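Trainee: Hi, could you walk me through a structure I haven't seen before?
Mentor: Happy to, let's bring it up and start with the spaces inside.

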Amino acid sequence: MRKRKIMFISVMLIILALAIVGLSLSLTSKEKTRNVKIGYLPIMASLPLYVAQENNYFTEQGIQIETVQLQSSNQLVDALVRGDIDIVVESSAVPALIAETVDPGKIKIFSVSDITEGNPFDSLIIGEESNLESLKELEGKKIGVFPGSTATNLLKKFLSDKKVDISKIEFVQIIPSNQLPALYEGSIDVLHAYEPTTTIALQSGRVRKMYGSIYAEQLNHNPQGVALVSSRFISENPRLAKKTINAFDQAADFISENDEETREIVVKYVKVEKNVADKAVFLYMGRSDKINKNALQEYSDMLYSIGEMKSKLDVSTLLYNP
């Protein structure tokens with residue numbers, strides 16, 4: 001009797017073990033066949049995605065991706081929170097941090113940018129014939145800005161700190177492809193430009209730089225750009241999430257170590273001339289294991305101090321930890 005009981009228990013344990021293995025294999029199979037939806041903006045800041053595609057890093061990791069193009073960081077973060085996409089290659093940090101204070105736990109940050117005075121990704125540019133010289137003279141003018149709330153609010157903060165009356169300025173949100181035509185045609189007086197728009201404009205000889213990087217002046221080693229991953233995606237597909245982020249880490253290493261080859265990829269994917277790609281300033285996105293948490297916390301505290309965020313945030317709770 002005792003032997004039968006022991007045998008029965010042994011058989012049940014074997015069945016349970018086989019069931020667990022079968023479930024594990026089933027989940028692994030689902031992860032292998034599931035497409036990873038990656039949201040991006042059609043701009044230079046999405047360079048890690050272009051590099052990973054060009055160098056087949058996703059394929060090497062056994063990943064199939066589906067890219068989803070949107071037009072602003074706000075749209076990217078909203079889509080990520082809703083679950084429409086799994087990964088955001090690069091977004092402004094502002095809507096991501098605000099989303100965490102409003103609806104916490106939905107997203108994680110796995111990479112941040114490093115904007116410095118020596119690596120100025122943004123600038124204020126004006127027409128070559130413009131007589132504007134000082135920031136104070138921007139009062140009464142129209143400034144073109146990147147779509148979404150971030151660029152406008154940070155520029156307002158910067159100008160207010162410089163004692164400029166922003167109530168006398170009209171801020172016009174314009175998608176990148178329409179920014180230079182608007183400046184050339186005179187429908188705006190100034191453009192807060194990102195790369196490669198700045199380099200394209202300067203190469204044309206029709207504009208000049210009025211002011212350098214606003215973001216670098218606000219905070220050196222500015223983590224203005226962040227890469228995001230859905231918490232739900234991590235929970236349901238942890239291995240797939242890790243593999244995808246590994247591919248982006250490979251891209252970050254390639255960009256920092258292979259400047260000439262990276263600029264060739266820029267020509268192909270960003271659709272700019274080689275002379276522009278050769279001089280453009282990259283928005284360098286770091287590896288997932290080398291996030292400057294102190295800079296990100298300082299940036300978050302700055303947003304709270306200007307009223308952009310309604311509550312303080314401990315950014316360490318937002319960082320991706322596989």
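**Cavities, pockets and what surrounds them**

Mentor: This is a predicted model, and the structure holds 2 cavities of 30 Å³ or more.

Trainee: What volume does the largest cavity have?

Mentor: The largest cavity has a volume of about 190 Å³. Its lining is made up of 20 residues, and Ser73, Glu90, Ser92, Tyr194 and Gln224 lie nearest the centre.

Trainee: And which element gives the most to that lining?

Mentor: Strand 3 does, with 3 residues. Helix 4 (73–82), strand 3 (87–92) and helix 6 (149–161) each supply at least two residues of the lining of the largest cavity.

Trainee: How does the lining of the largest cavity split by class?

Mentor: That lining has 11 nonpolar, 8 polar and 1 charged residues.

Trainee: OK, how much space lies in the second largest cavity?

Mentor: About 60 Å³. Among the residues lining the second largest cavity are Pro48, Ser111, Ala227, Phe248 and Asp249. Keep those names in mind, as several will come back.

Trainee: Where does the largest share of that lining come from?

Mentor: From helix 11, which provides 3 residues to the lining of the second largest cavity. Strand 4 (107–112) and helix 11 each supply at least two residues there. By class, the lining of this second largest cavity divides into 7 nonpolar, 2 polar and 1 charged.

Trainee: Helix 11 again, then. What does helix 11 meet in helix 2?

Mentor: In helix 2, the residues are Leu47, Pro48, Leu49, Val51 and Ala52, and they meet Ala247, Phe248, Ala251, Phe254 and Ile255 in helix 11. By class, this contact of helix 2 with helix 11 has 10 nonpolar, no polar and no charged residues. Pro48 and Phe248 take part in this contact, and Pro48 and Phe248 also line the second largest cavity.

Trainee: How would you describe the way two helices like that pack?

Mentor: Two packed helices are described by the angle between their axes and by the distance between the axes. For helix 2 (residues 47–54) and helix 11 (residues 238–257), the axes come within 8 Å and cross at roughly 100 degrees. Helix 2 and helix 11 are therefore roughly perpendicular to each other.

Trainee: Nice. Switching to sheets: what stands opposite serine 111 in strand 10?

Mentor: Alanine 227 does. Strand 4 and strand 10 (residues 225–230) pair in the antiparallel sense over 5 bridges. Ser111 and Ala227 also appear in the lining of the second largest cavity.

Trainee: What order do the strands of that sheet have?

Mentor: The order is 2-1-3-10-4, in an open sheet of 5 strands with mixed pairing. Strand 2 (64–69) and strand 4 stand at the edges with a single partner strand each, so one side of each is left without a neighbour in the sheet. On average, neighbouring strands of this sheet are turned by 30 degrees against each other, direction ignored. Helix 4 packs on the sheet, touching strand 1 (35–40), strand 3, strand 4 and strand 10. The direction of helix 4 makes about 140 degrees with that of strand 3.

Trainee: And the other sheet, which strands are at its edges?

Mentor: That open sheet of 5 strands has the order 7-6-8-5-9, again with mixed pairing. The edge strands are strand 7 (170–173) and strand 9 (207–211), each pairing on one side only. From one strand to the next, the twist averages 35 degrees. Further in, strand 5 (residues 122–127) and strand 8 (residues 190–194) run antiparallel and are joined by 5 bridges. Isoleucine 126 stands opposite valine 190 in strand 8.

Trainee: Last topic, pockets. Which residues lie nearest the centre of the largest pocket?

Mentor: Pro42, Ile43, Pro176, Ser177 and Thr197 do, out of 24 lining residues. The largest pocket has a volume of about 450 Å³. Helix 7 gives the most to the lining of the largest pocket, with 5 residues. By class, the lining of the largest pocket has 17 nonpolar, 5 polar and 2 charged residues.

Trainee: What about the second largest pocket, which element gives the most there?

Mentor: Helix 11 once more, with 4 residues. The second largest pocket has a volume of about 280 Å³, and among its 19 lining residues, Val112, Tyr284, Met285, Gly286 and Arg287 lie nearest its centre. Met285 and Gly286 line the second largest cavity too.

How values were computed: Residues are numbered from 1 along each chain as its sequence is written. This is a predicted model: local features need pLDDT of at least 70, side-chain atom pairs count only at pLDDT 80 or more; totals for chains, interfaces and linings use all residues. Side-chain values use heavy atoms; hydrogens and water are left out. Axes are lines fitted to C-alpha atoms, for helices over the stretch in contact, and angles run from 0 to 180 degrees between N-to-C directions. Angles under 35 degrees count as roughly parallel, over 145 as roughly antiparallel, 65 to 115 as roughly perpendicular and the rest as oblique. Contact means heavy atoms within 4.5 Å. Ala, Val, Leu, Ile, Met, Phe, Trp, Tyr, Cys and Pro count as nonpolar, Asp, Glu, Lys and Arg as charged, and the others, Gly among them, as polar. Two strands pair if DSSP finds at least two bridges between them. On a 1 Å grid over the protein atoms alone, a cavity is a set of points where a 1.4 Å probe fits but cannot get out, and a pocket is an open set with protein on both sides within 12 Å along at least five of seven lines; lining residues have an atom within 4 Å of a point. Grid points are joined across faces, edges and corners, and a volume is the space filled by probe spheres set on the points.
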